[in-house]
Amino acid sequence: MSRIAYVNGQYVPHQHACVHIEDRGYQFADGVYEVVPIVGGKLIDEKGHLDRLWRSMNELKMDAPMKRRPMQLVMAEVIRRNGIENGLIYMQVTRGVAPRDHPFPKNAQPALVMTAKRLSMEKAAQKAEKGVTVITVPDIRWQRCDIKSVSLLPNILAKQEAVEKGAYEAFQFDGEGNITEGSSTNAWIIDQDGTLITRPTSNSILAGITRAALIELLKEKGIKLELRSFTVDELRNAREVFLTSSSSYVQPVVQVDDKVIGNGKPGSVSLELRTIFKDYMDR
Ligand SMILES: Cc1ncc(COP(=O)(O)O)c(C=O)c1O
């Protein structure tokens, strides 16, 4: 089945999908985005993702390209046309096309693009069974990391460094030596006393939808969570480490920089939380 993209009101073959050279997303990274998982043909946490998209637009005083209901219909149609059973839908809103000038344009129409891609649940499961490695890097991003902006250069540099070092992800640390989050994931640890810890939401991190869903599941199961910052040292000396995101779900981490975590295999709590999250997605 050939891939179909949605671009400003039209469904077009993926290889022919394009936007104007003066789209402000292209020129200024003046745009926001969402990535929503699809499992068993169903969108996971659609409401949470749409709420966050609207919040990102509001924070940047950007008009929505359409109301929520029609946007949901476009999402469903993109999934249908691409025949996706398991994968992701990518949605991007920019402030639109206008002659290049820094202030907000007066009459530009916000632009909306959506694409969808398949993901293999088997490959994701294999990765979880093996665990992944992460590196730590200084967080050089701006002070509004709560906005899911397409301005991702620092995240790209962090991820590239991870790839060059053979790692899966880069966890960033702030000026106080506390971990903020991964380049496209939220970071969690279980300390030597067995306490589950993740950083509270603020302008320093993206409020992950996977993170929020897992926090609700922890409450349901009566599993205690400490919402506080943790240092690079605490990360390196943790009993278990894992990360969460819409594309990785709950992914155990087995090495941080040169430090092996536990016995170098995914921790039992991380794996249990992955199963709990998988069951939630299959509900
Ligand atoms: C910087 C950052 N943090 C965290 C996340 C995880 O968020 P979510 O669980 O909503 O995918 C992402 C996802 O792209 C991200 O880019």
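Which helices and strands each supply at least two residues of the shell around the ligand? The legends below address this point for a predicted model.

**Figure 1. Secondary-structure elements of the shell around the ligand.** Strand β9 (179–182), helix α6 (209–221) and strand β13 (240–245) each contribute at least two residues to this shell. The ligand occupies the space of the largest pocket.

**Figure 2. Residues that surround the ligand.** The ligand has 18 residues around it, and those that come nearest are Lys148, Glu181, Ile209, Thr210 and Ser246. Sorted by class, the shell consists of 11 polar, 4 charged and 3 nonpolar residues.

**Figure 3. Polar contacts to oxygen atoms of the ligand.** In the side chain of Thr210, an N or O atom lies 2.6 Å from an oxygen atom of the ligand. A polar backbone atom of Ile209 is 2.8 Å from a ligand oxygen atom. For Arg52, a polar side-chain atom is found 2.9 Å from an oxygen atom of the ligand. The ligand taken alone exposes 390 Å², of which the protein buries 94%.

**Figure 4. The protein that frames the close-up views, with its 8 helices and 15 strands.** Its radius of gyration is 19 Å, close to the 19 Å that the globule rule gives for 283 residues, so the protein is as compact as a globular protein of that length. The C-alpha trace of the protein spans about 55 × 40 × 35 Å along its principal axes.

Technical notes:
Residues numbered from 1 in each chain as written. Predicted model: local features only at pLDDT ≥ 70, side-chain atom pairs only at ≥ 80, totals over all residues. Heavy atoms only, no water. Near = heavy atom within 4 Å. Polar contact = N/O pair within 3.5 Å; in protein donor to acceptor, adjacent residues only side chain to side chain. Areas by Shrake-Rupley, 256 points an atom, 1.4 Å probe, with all protein chains shown as cover. 1 Å grid on protein atoms, 1.4 Å probe; cavity = no way out; pocket = protein on both sides within 12 Å on 5 of 7 lines; lining within 4 Å. Sits in = over half its atoms within 2 Å of the grid points. Helix = DSSP H or I, 4+ residues; strand = E, 2+ residues; numbered from the N terminus. Nonpolar A, V, L, I, M, F, W, Y, C, P; charged D, E, K, R; others polar. Rg over C-alpha atoms; globule rule 2.2 N^0.38 Å.
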